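Reader: Mind walking me through some side-chain contacts in this one? Here is what I have open.

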Amino acid sequence: MAEVPDGSSATSSASEAVTPTAEGAAGGESDVTTSYANESGTEWEARPISMVGAVKSFMLQLRVGMDMTHLSMPAMFQLPYSILEFIAVRMSAMFHCLLEVPNLRDPQERLEGIVKWAIACTRKEDLFSNHKPLNPVLGEVHQARIDHPDGSFSYVLCEQVLHHPPTTAFVIYNPRHGVQLSGNVLFGVTLATNSVSVTISGGLKVRFDRVYDAPDAATPHAEEYVCPEGITDMCIQNTFLGEKRVYWTGPFSVTCNDSPWRACLSFSDAADGTANIIRGIIWDEDTHIRESRRAEEEAQAKAEKAAQQSWLGWAVSGVGKGVGAVTGIFSGGTHEDFPHVTKRSIVKEILGACGEMIHARTRAYDEADEADEAEGDPAKMKSNTPKKFQKKAKSKTLSRPSTLKGLNIGEEYPELFQDPTDLRTHSCHAYPPTSRLPPNSSIRVWREVGEAIVVDDQPLADERKSAIENSEREKRKARTEPHQQAHFKEGWLQEEGGAVYWEVADPEWYKKDEVMLGLYQQE
């Protein structure tokens with residue numbers, strides 16, 4: 001049973017957030033809304049989880065003849081705010097990194113801008129919490145605003161659109177820059193003996209209203225990037241015993257139907273636990289398709305030749321190696337995580353660790369590569385390392401490092417791709433006045449649960465949380481018509497049988513007072 005944390009209301013800024021009061025929520029003492037999701041470095045974020053306490057919490061819920069599926073996740077595992085509040089703060093934190101990307105007039109540079117934003121979103125700071133947000137109720141909504149240093153505003157809207165599977169749709173839009181980030185989030189948590197895997201499925205889309213494809217281009221056009229994996233997964237090891245290790249894991253890819261440029265990142269834990277390694281490539285899809293077709297033709301020709309020779313009883317060597325051996329689809333080197341991409345199409349390689357300098361190197365396919373490829377033996381194919389560094393790189397197994405220790409990344413990957421020390425977060429922090437929050441607002445729904453979690457009154461938090469969940473079950477039983485989403489509609493399928501991208505129903509939603517509840521600012 002997934003749960004989502006509470007938000008709160010009361011003071012004037014995220015850094016000054018205090019527990020909201022009933023009077024404040026009603027518009028009495030204070031009408032300024034805050035969210036616990038904006039707070040960081042708090043005691044309750046890193047509060048240890050007691051296995052004895054967890055078992056006790058489950059036992060206290062047991063009743064004779066009860067449906068065991070109605071057992072509630074103990075509040076001690078939860079953060080004091082909803083998943084919707086978590087998504088709003090998490091996805092808005094680095095949204096400003098996208099605002100200048102439309103000004104780049106090279107499609108490859110714009111794609112690299114998306115990749116840099118994706119890397120910026122995998123911050124070490126997001127890995128410290130021992131707990132998870134509270135699961136939202138169906139139809140729950142959350143509105144917020146980001147006030148940027150340049151004087152522009154970005155608007156945030158989240159809605160729990162489905163109960164099974166539990167799906168949150170969100171959109172963030174900056175009208176001045178014409179930048180929109182939208183997507184779905186489906187959280188899954190798997191508990192093992194001493195570890196937790198957090199899978200985050202659903203996709204993301206980045207849309208630029210106005211881009212130019214050349215320095216002298218006069219007519220802009222819209223451009224859309226799709227990130228099918230959505231938010232990167234997370235793994236938490238040593239949850240109860242030992243020193244906790246948390247790291248991002250899995251792939252993250254970026255595609256754009258308006259240009260041939262593609263990118264893929266791979267996140268993994270270093271073998272010695274010293275770093276959360278990021279590897280990545282950027283490639284030209286047109287070249288990849290052309291090379292793949294050439295590979296298929298060469299493989300077919302080789303197979304036909306082998307068949308003819310076999311009729312004559314000749315010994316044939318090298319038959320059946322497959323397309324990869326013929327074309328140079330790079331199954332070794334930096335690209336063991338990207339075996340589907342032809343070596344000739346790759347233009348840039350990325351290597352680094354979360355929270356540290358990310359480096360890159362531009363790759364050019366040369367005559368030596370072609371000669372190696374012609375031999376059809378992947379073992380003879382050159383590393384993508386520049387010639388002057390090849391010997392050193394090979395001795396250090398730079399091709400797929402299991403640790404970054406001992407590697408002079410700045411020398412072997414000479415381009416600085418991203419400097420995380422230059423990045424600051426600008427999360428949403430402005431919320432509708434407390435008196436205007438609707439009953440299904442995340443902050444209003446989970447406020448009292450969050451208050452009890454923050455003061456570590458776990459029995460009270462469990463009681464309040466169970467009351468909300470039981471009320472929702474009764475509403476579902478009484479419902480005679482399918483639930484109607486308030487702000488989002490089903491968009492297009494990611495792939496046949498795949499996830500649905502939810503889209504905001506009204507393109508001018510951010511201007512509507514009944515949606516943003518006083519947050520819109522005329523520019």
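Reader: Which backbone oxygen does the side chain of Asn276 reach?

Author: Keep in mind that this is a predicted model. Asn276 sits in strand β13, which covers residues 276–284. At 3.0 Å, its side chain reaches the backbone oxygen of Ser268.

Reader: Is Asn276 buried or exposed?

Author: Buried means under 20% relative accessible area. Asn276 has 8% relative accessibility, so this residue counts as buried.

Reader: Okay, salt bridges next. How many does a search of the whole structure find?

Author: Take one of them as a sample: Arg47 and Asp456 meet through their side chains, at 3.2 Å from N to O. That pair links distant parts of the chain, 409 residues apart, with Arg47 in the loop between α1 and α2 and Asp456 in the loop between α10 and α11. For the whole structure, the search gives 20 salt bridges.

Reader: Which residue is linked with Arg47 and Asp456 in a network of salt bridges?

Author: Arg47 counts as buried because its relative accessibility is 9%, while Asp456, at 43%, counts as partly exposed. Their network of salt bridges also takes in Glu43.

Reader: And what is the N to O distance in the salt bridge of Arg447 and Glu448?

Author: Arg447 is buried at 10% relative accessibility, and Glu448 is partly exposed at 41%. A salt bridge needs a side-chain nitrogen within 4 Å of a carboxyl oxygen. For Arg447 and Glu448, the N to O distance is 3.8 Å.

Note on methods
Residues are numbered from 1 along each chain as its sequence is written. This is a predicted model: local features need pLDDT of at least 70, side-chain atom pairs count only at pLDDT 80 or more; totals for chains, interfaces and linings use all residues. Side-chain values use heavy atoms; hydrogens and water are left out. Helices (H or I, at least four residues) and strands (E, at least two) are DSSP runs, numbered from the N terminus. Buried means under 20% relative accessible area, exposed over 50%, partly exposed in between (1.4 Å probe, protein chains only). A polar contact is a pair of N or O atoms within 3.5 Å; within protein, one must be able to donate a hydrogen and the other to accept it, and residues adjacent in sequence count only if both atoms are side-chain atoms.
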